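Me: I am new to this structure and should like to learn how to read its features. Could you guide me through them one at a time?
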Amino acid sequence: MTNLTPMLRQYYQMKEEHPGCILLFRLGDFYEMFGDDAKLASRLLQITLTSREIGKGQRIPMCGVPHHSVDGYVAELVRSGHKVAICEQVEDPRTAKGVVRREVIRVVTPGTILEAEMLEAKENNFLAAVCRHPTRPRSSGRLIELPQTAFGLALCDLSTGEFSCTEVSGEDALSLLKDELGRISPAEILLDPSFFEPDARAELEVVMGAGARLAESYPGAGVSLDTARRRLLEHFHTESLEGFGCEHLPAAIRAAAAVIEYLTQTQKSRLAQIARLTTYSVGGLMLLDPSTRRNLELTRTLRTNERRGTLLWVLDKTLTAMGGRLLRRWIEAPLVEAAAINARLGAVKELVEDPALRAALREGLERVHDVERLTGRIAHGSANARDLVALKESLLGLPALKEALLGAAASARLRELAAELDPCEEIAADIGRTLVDDPPVSVTEGGLIRAGFSKEVDELNRAKREGKAWIAELEKRERERTQIKSLKVGFNKVFGYYVEVTKPNLHLVPADYERRQTLAHAERFVTPELKEKEALILGAEERVIELEYQLFTELRARVGSHTPRLQQLARNLAELDVYASLAEVAVERGYVCPVVDEEDRIEIREGRHPVVEATLPGASFVPNDLVLDSETRIVILTGPNMAGKSTYLRQAALIVLMAQIGSFVPASEA
C-alpha cells in the first residue's frame with residue numbers, strides 16, 4: 001500500500017519484525033489489528049470487521065478489542081494455534097511529539113502463557129525443545145562403532161519456572177524420545193533444524209507423532225555446542241554446568257539453550273523465574289508407551305478425553321493447584337527405585353495413621369493459593385497487586401503449619417519437609433505494610449497503597465478528597481447563588497470539570513461564567529475559581545497514580561528478589577499436599593500400604609480396580625487375587641465377553657503403578 005500514515009508505517013514495521021504473529025497494536029483504549037490480521041481475528045474472535053481510511057480513497061481492514069479485556073481474546077487466538085505479539089504505547093500520548101513510540105513487549109505462544117485464566121490450574125504448560133546431536137564413533141580394538149544420534153530434550157513451564165533437560169541415545173533413543181514427549185504432552189515444541197533435512201524425515205515423523213500442537217525450527221539454527229553452553233552459563237550466572245548435572249550431555253545442553261533463547265526473544269525479559277535447571281534420566285522412571293497410558297486412562301479417559309473416570313480423578317484430593325500438578329506428574333512418571341518409593345509411602349502412612357496431623361496439614365493448605373504461578377508472574381514482572389495479596393494470604397498460615405508438622409511428624413520425609421518449610425514471614429509483612437487488603441485489578445489507576453505507608457501518597461489522597469468535597473460544596477453554593485435548581489457540576493476527560501446549565505435556565509447564568517461546550521439541551525461553563533481548583537485536583541490525582549505505581553513496582557521487585565525461596569517453598573507445599581491427598585483417599589476408600597522391595601514377585605490379595613470401584617453406583621467391587629513371580633510369569637485368563645478380563649488386566653497394572661508413585665492401593669494385601 002502507498003501513502004500510509006506514520007502510524008500505519010509504524011504498524012507495518014512491527015509486523016515485519018515479528019513474522020508469523022498476529023500483532024495487537026495499542027491505540028488509546030483499544031488494541032487494533034489491520035489487514036490480514038484483522039480478517040483472521042474478526043473470524044476467530046467473532047468481532048466486527050471494519051476499515052480505516054489510509055488516503056486517496058484507499059481503506060484497510062481493521063478490528064479491535066478493549067485493552068481491559070484483552071487477555072480473553074489473546075487466549076482464544078493462542079488456543080487457535082497462533083502467536084500473538086502485544087505492542088504497547090511506551091510514552092504518554094499527551095506529551096509525545098509526532099507518532100507515539102510503541103514497542104512489542106511480549107510474544108504470547110502456546111508454550112509461553114503466564115496468565116492464570118489462560119491455563120489449566122492443575123496442569124503444566126510445557127514448552128519443549130528437541131535437538132539432534134551426532135555422537136562420535138568409538139573404536140574397540142579393530143572394530144569402529146558407527147556414529148549414532150543422541151537426542152536432547154529440554155522442557156520449561158514458564159508459568160512456574162520449572163526447567164529440566166535430558167538426553168537419550170542408543171538404538172532405542174528415538175522410541176524413548178517419542179514416549180517421553182507423549183508423557184509430557186508439551187503445548188509447543190521447538191525442533192532442531194536438522195530434523196527437516198532429507199535424511200531425518202523419518203525421525204521428524206516419529207517426533208511429530210508424539211502429538212505436539214505446534215512445531216517450528218528453534219532460534220539459533222546451527223548454534224555450536226560452545227555457544228549453547230555459554231548461553232546457559234550467562235543465564236544462570238555460573239562458570240560450570242556440573243551443578244546442574246548436564247555438563248557432559250551436549251544434546252541436552254543445546255536443547256536447553258534453545259529454550260532460553262526462544263523465551264528471551266518472546267518474553268523480552270530477564271526470565272528471573274527460571275532460576276535452576278534439573279537434569280533427569282528417562283531410565284529413572286517407569287517406561288510407559290503412549291498406548292499403555294491411553295488404555296490405562298491415567299489422566300484422560302479413552303472415549304471422552306475427560307478427567308472424570310481416570311486414576312488421577314480418583315487420587316486427586318489436593319487442595320492447591322501446584323499439588324494437583326505434582327500428583328499428575330507422579331502418575332505420569334512412576335518411580336523405579338524401592339528406596340525412593342518407600343520414602344513416599346512412609347509419609348503417606350504416617351498421615352493415614354495420624355488423622356489429627358492430616359487434618360492440620362489439610363487445614364493449613366486450604367488457604368494457600370498457587371504460590372508457584374504467583375511467583376512466576378511476580379518474577380516476570382506481570383503480577384498485579386491482587387497477585388501479591390494472594391501470595392501474602394498464602395504465607396500467613398505457614399508458621400502454624402510448620403509448627404504442627406515439626407511437633408507431630410515422625411516419618412523421615414515429612415520431618416525433612418517440615419524443616420525445609422520457609423514461611424517467608426518478612427515477605428508477607430512487606431506486602432501487608434504496602435498494599436491495601438482488596439486492591440483493584442489495574443495497577444495504573446491508583447487505590448493500591450495502604451494508608452500510613454507513604455506520607456506523600458497520604459497527602460495527595462487528602463488533597464483529592466478535600467478537592468472533591470470542595471467541588472460538591474461549589475455545586476450547592478452555585479445553585480443558591482444562581483437559583484438554578486438543576487445546575488450540576490460534572491467532569492469528563494476531554495473538558496475536565498464544568499458547570500452544566502439546561503437551556504431554559506441560560507438567562508440566569510452569571511456574567512463570570514465562561515462557556516466551555518454546547519450540547520443539544522444544555523450549555524457547559526467554567527469559572528476562574530473552578531479552573532484553579534481543577535488544576536490542583538487533577539494534579540494530585542495524576543501524581544498519586546504515578547507514585548502508587550512506582551511504590552507497587554518497587555514492592556514487586558523486592559518480592560521477586562526472593563524467587564528461589566518462594567519456588568522452593570512452593571515445591572515443598574506441593575509435595576505435602578500430594579501426601580495428604582493420597583492419605584485422604586486411602587482412608588476414604590480403604591486402601592492398604594503395599595510392600596515394595598527388590599524381589600521378583602507381584603502378589604495382590606483381594607485387589608480392586610480403583611476407578612471402576614469409585615464409579616460403581618451403590619454396588620461393591622468383587623475383589624480378586626494375582627500372583628506373578630519367577631515361577632509364574634504368565635497368566636492365561638479366559639472368560640466370555642464382558643466378564644471382566646480387561647478390568648482384571650488393567651487393575652493389576654494400576655495397582656502396581658499406584659504403589660510405584662507412593663500411593664496406598666485397593667487390596668487387602670499387596
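**A strand pair and its sheet**

Reply: We may begin with a single facing pair in a sheet: E500 stands opposite R524 in β18. Please keep in mind throughout that this is a predicted model.

Me: Which strands pair here, in what sense, and over how many bridges?

Reply: A pairing is read from its two strands, their sense and their bridges. Here strand β16, residues 496-502, pairs with strand β18, residues 522-526. The sense is antiparallel, and there are four bridges.

Me: In what order do the four strands of the open sheet lie?

Reply: The order is β15-β16-β18-β17, with antiparallel pairing. The edges are formed by β15 (488-492) and β17 (514-518), each of which pairs on one side only. On average, neighbouring strands of this sheet are turned by 40° against each other, direction ignored.

Me: Which strands does helix α18 lie across?

Reply: Helix α18, residues 455-482, lies across β15 and β16, and runs at about 140° to β15. Helix α19, residues 528-560, also packs on the sheet, where it touches β15, β16, β17 and β18. The direction of α19 makes about 140° with that of β16.

**Pairs of helices**

Me: What describes two packed helices?

Reply: The description rests on the angle between their axes and the distance between the axes. Take helix α4 (residues 173-184) and helix α5 (residues 201-208): their axes come within 9 Å and cross at roughly 25°. Angles under 35 degrees count as roughly parallel, so α4 is roughly parallel to α5. The crossing of these two helices is right-handed.

Me: Which residues of α4 and α5 meet?

Reply: From α4 come L174, L177, K178 and L181, and they meet E203, V206 and V207 in α5. Sorted by class, this contact has five nonpolar residues, two charged residues and no polar ones.

Me: At what angle do the axes of α14 and α17 cross?

Reply: Helix α14 (residues 385-396) and helix α17 (residues 425-434) cross at roughly 135°, and their axes come within 9 Å. That angle makes α14 oblique to α17. As for handedness, the crossing of α14 and α17 is left-handed. On the α14 side the contact is made by L388, V389, L391, K392, L395 and L396. On the α17 side it is made by I427, A428, I431 and G432. These residues divide into eight nonpolar, one polar and one charged.

**Single residues**

Me: Is A228 buried or exposed?

Reply: To read burial, one looks at the relative accessible area. For A228 the value is 2%, and because buried means under 20%, A228 is buried. A228 is found in helix α6, residues 225-236. Apart from its neighbours within four places in sequence, A228 is in contact with V223, I253, R254 and A257. One may also set sequence beside space: A228 and R9 are 219 residues apart along the chain, and their C-alpha atoms are separated by 36 Å.

Me: Where does H235 lie, and what does H235 touch?

Reply: H235 lies in helix α6. With a relative accessibility of 12%, H235 counts as buried. Leaving out residues up to four places away in sequence, H235 touches I260, R270, L271 and I274.

Me: In which helix is E575 found?

Reply: E575 is found in helix α20, residues 563-589. Its relative accessible area is 12%, and E575 is buried. Not counting residues up to four places away in sequence, E575 touches L326, W330, R413 and L417. E575 and L23 are 552 residues apart in sequence, and the C-alpha to C-alpha distance between them is 40 Å.

**The whole protein**

Me: How many helices and strands are there in the protein?

Reply: An overall reading starts from such counts: the protein has 22 helices and 20 strands. Its C-alpha trace spans about 110 × 65 × 55 Å along the principal axes. Of the 670 residues in the protein, 49% are buried.

Me: What share of the contacts with a separation of 6 or more comes from residues 24 or more positions apart?

Reply: Such residues account for 67% of those contacts in the protein.

Methods. Residues are numbered from 1 along each chain as its sequence is written. This is a predicted model: local features need pLDDT of at least 70, side-chain atom pairs count only at pLDDT 80 or more; totals for chains, interfaces and linings use all residues. Side-chain values use heavy atoms; hydrogens and water are left out. Two strands pair if DSSP finds at least two bridges between them. Axes are lines fitted to C-alpha atoms, for helices over the stretch in contact, and angles run from 0 to 180 degrees between N-to-C directions. Contact means heavy atoms within 4.5 Å. Angles under 35 degrees count as roughly parallel, over 145 as roughly antiparallel, 65 to 115 as roughly perpendicular and the rest as oblique. A crossing is left-handed if the near helix is turned anticlockwise from the far one by less than a right angle, and right-handed if clockwise. Ala, Val, Leu, Ile, Met, Phe, Trp, Tyr, Cys and Pro count as nonpolar, Asp, Glu, Lys and Arg as charged, and the others, Gly among them, as polar. Buried means under 20% relative accessible area, exposed over 50%, partly exposed in between (1.4 Å probe, protein chains only).
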